[in-house]
Amino acid sequence: MGNMNPTQTWTALLHGRDLLEATLENGTCRLRLIGCEALLQQVRALRERHGDDPQSWALPAGSGHTDMLIRELILKRRGEWDFPYKDAEICHCRLVATVIVDQAIVTGAHTPEVVSRWTSASTSCGTCRPDVEKIIAYRLGKTS
Ligand code: FES
Ligand SMILES: [Zn+2]
């Protein structure tokens, strides 16, 4: 209908556990939050300090799942989310989807060895291992 100011939504998700969603409508940012007490508390503190729009939140420095989800939401909201692997399947030997590897990393698999143990990615030819390493580094907030 020629809406010049469409609603925009950004989401960070840990499947079955945590959902963090920001919706911008007519200049107002609303948050939707489903998840653990740690996430609720961390988001509450950010809102009290920086307001409701994740665009102006400080990036969390930690490496817990709540830090990773909040960082994802902030970067998506700023238009700076640049996930380092774009294809849907990351491990073609074991047929492992990228989202499976990513969710394992958010859950706590912070080395390629643990990712392999949890997902079976990189357990055959090993070609995909550098991409797994890139996602780990990105999720942990390490640059390049
Ligand atoms: S592509 Fe992942 S082990 Fe071969
Ligand atoms: Zn949680």
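Glu72 is a good place to start, and you will find this residue in helix H2. Keep in mind as you look around that this is a predicted model. From Glu72 we can move on to how helix H2, residues 65-78, packs with helix H1, residues 37-50.

**Glu72 and its surroundings**

- Glu72 counts as buried because its relative accessibility is 6%, and the cut-off for buried is under 20%.
- The side chain of Glu72 has a polar contact of 2.6 Å with the side chain of Lys76.
- The side chain of Arg139 is a polar partner of the Glu72 side chain too, at 2.8 Å.
- Leaving aside residues up to four places away in sequence, Glu72 touches Thr11, Ala12, Leu13, Trp81 and Arg139.
- Arg139 therefore turns up twice for Glu72: as a residue it touches and as a side-chain polar contact, while Glu72 itself is buried at 6% relative accessibility.

**How H1 and H2 pack**

- The axes of H1 and H2 lie 9 Å apart, and the two helices pack at an angle of about 45°.
- That angle makes H1 oblique to H2, since angles from 65 to 115 degrees would count as roughly perpendicular and those under 35 degrees as roughly parallel.
- The crossing in which H1 passes H2 is right-handed.

**Who makes the contact**

- On the H1 side, the contact is made by Ala38, Leu39, Gln42, Val43 and Leu46.
- On the H2 side, Thr66, Asp67 and Ile70 take part.
- Sorted by character, the residues of this contact between H1 and H2 are 5 nonpolar, 2 polar and 1 charged.

How values were computed. Residues are numbered from 1 along each chain as its sequence is written. Chains are lettered from A and ligands numbered from 1 in the order in which they are written. This is a predicted model: local features need pLDDT of at least 70, side-chain atom pairs count only at pLDDT 80 or more; totals for chains, interfaces and linings use all residues. Side-chain values use heavy atoms; hydrogens and water are left out. Axes are lines fitted to C-alpha atoms, for helices over the stretch in contact, and angles run from 0 to 180 degrees between N-to-C directions. Helices (H or I, at least four residues) and strands (E, at least two) are DSSP runs, numbered from the N terminus. Angles under 35 degrees count as roughly parallel, over 145 as roughly antiparallel, 65 to 115 as roughly perpendicular and the rest as oblique. A crossing is left-handed if the near helix is turned anticlockwise from the far one by less than a right angle, and right-handed if clockwise. Contact means heavy atoms within 4.5 Å. Ala, Val, Leu, Ile, Met, Phe, Trp, Tyr, Cys and Pro count as nonpolar, Asp, Glu, Lys and Arg as charged, and the others, Gly among them, as polar. Buried means under 20% relative accessible area, exposed over 50%, partly exposed in between (1.4 Å probe, protein chains only). A polar contact is a pair of N or O atoms within 3.5 Å; within protein, one must be able to donate a hydrogen and the other to accept it, and residues adjacent in sequence count only if both atoms are side-chain atoms.
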